[in-house]
Amino acid sequence: MNENILNAIAEAVLDGDVASTQKNVGAAKEQGIPAERILNDALLKGMNEVGELFRDGEMFVPEVLVSAKALQSGIEIIRTELANSGMKKTGKILTVTVEGDLHDIGIKLVGMMLEGAGFEVIHMGVDKPAEEIIEKIKQCEPDILAISAMLTTTMANMKTVIDVISEEGLRDKIKIMIGGAPTSPSFAEKIGANYSADASSAAIVAKKLMETA
């Protein structure tokens, strides 16, 4: 019985069906299934499948956004139980788009995939200067900083952020990953960061970084 309801939740997330996700999470909760199990074996299971389909080109950004909305609606129902269970997050990630760049769909999608992988995600927004990013790092103390740039003209600002992080003596305290259309593995290596090709691979890269933390 438990497996049926958990599979139904995962399927609802995959379909981006908010109403079914909420209904089935509520039912699972009433059946006494632990919130942590509802999260890991149903909600995140569905979102992980979304990530795989997105990576394989079988799902596209609009569909992923709808699935992410279903995921969030389910998490809201068990949020209090998750907090009370003392469940440990995979890690904390600060996501941001660099100064001069107003693109936010990519970094938002990355954030959703990271949340689906169990990370606590703090999204700063777009067009943020290095100094502001440093202040946020000091305030939030994230494990990972994920920086996005979608323009060749703003790529250099990624290096600026990393240089300022080093100047502030924070480089050894935080892992850094970058992504965005104009970036590449060689560029990431050149500026001392880790490269993520897309939103789906971002979760994989982040998990590997946490393993080496």
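Let's start inside the fold, with strand 1, where six of the seven residues are buried. Keep in mind as you look around that this is a predicted model. Strand 1 covers residues 92-98, and it has a partner on each side. On one side it runs parallel to strand 2, joined by six bridges; there, threonine 95 stands opposite histidine 123 of strand 2. On the other side, strand 1 pairs with strand 3, again in the parallel sense, over five bridges. Here isoleucine 93 has isoleucine 144 of strand 3 as its bridge partner.

Now follow the pairing onward from strand 3. Five bridges join strand 3 to strand 4, residues 175-179, and these two strands run parallel. Isoleucine 144 turns up once more, with lysine 175 as its bridge partner in strand 4. Strand 4 in turn pairs with strand 5 through two bridges, also in the parallel sense, and isoleucine 178 stands opposite tyrosine 195 of strand 5.

Put these pairs together and you get an open sheet of five strands in the order 2-1-3-4-5, with parallel pairing. Its edges are strand 2 (120-128) and strand 5 (194-195), each of which pairs on one side only.

How does the chain travel between parallel strands? Strand 1, helix 5 and strand 2 form a right-handed β-α-β unit. Strand 3, helix 7 (residues 156-167) and strand 4 form a right-handed β-α-β unit as well.

It helps to step back to the whole chain. It has nine helices and five strands, and from the N terminus the elements run α-α-α-α-β-α-β-α-β-α-β-α-β-α. So you will meet four helices before reaching a strand, and after that strands and helices take turns.

Which faces of strand 3 are covered? Both are: Ile144, Ala146 and Ser148 are buried on one side, and Leu145 and Ile147 are buried on the other. In a regular strand the side chains alternate between the two faces of the sheet. That makes five buried residues out of five for strand 3.

What gathers in the interior? In soluble globular proteins, nonpolar side chains tend to be buried together. The largest nonpolar core in this model has 41 residues, and those with the most contacts inside it are Ile38, Leu43, Met47, Ile78, Leu114, Phe119 and Met177. Several elements each supply at least two residues of this core, among them helix 1 (2-15), helix 4 (61-85), strand 3 and helix 9 (199-211). The largest share, nine residues, comes from helix 3. A second, separate core holds 27 residues, including Val96, Ile162, Leu170 and Phe187.

Met177 is a good place to pause. Leaving aside residues up to four places away in sequence, it touches Ile144, Leu145, Ala146 and Ile147, and its other contacts include Asn194, Ser196, Ala202, Val205, Ala206 and Leu209.

Finally, consider the overall shape. The C-alpha trace spans about 55 × 35 × 25 Å along its principal axes. Why might we call the chain compact? A compact globule of 213 residues would have a radius of gyration near 17 Å, and the chain's 18 Å agrees with that. Of the 213 residues, 46% count as buried. Contacts also reach far along the sequence: among those between residues at least 6 apart, 75% join residues at least 24 apart. As for the outside, the accessible surface comes to about 10,400 Å², and 50% of it belongs to carbon and sulfur atoms.

Technical notes:
Residues numbered from 1 in each chain as written. Predicted model: local features only at pLDDT ≥ 70, side-chain atom pairs only at ≥ 80, totals over all residues. Heavy atoms only, no water. Core = buried A, V, L, I, M, F, W, Y, C linked by side-chain atoms within 4.5 Å. Buried < 20%, exposed > 50% of the residue type's maximum accessible area, 1.4 Å probe, protein only. Contact = heavy atoms within 4.5 Å. Pairing = 2+ DSSP bridges. Right-handed = clockwise from strand over helix to strand, strands pointing away. Rg over C-alpha atoms; globule rule 2.2 N^0.38 Å. Areas by Shrake-Rupley, 256 points an atom, 1.4 Å probe, with all protein chains shown as cover.
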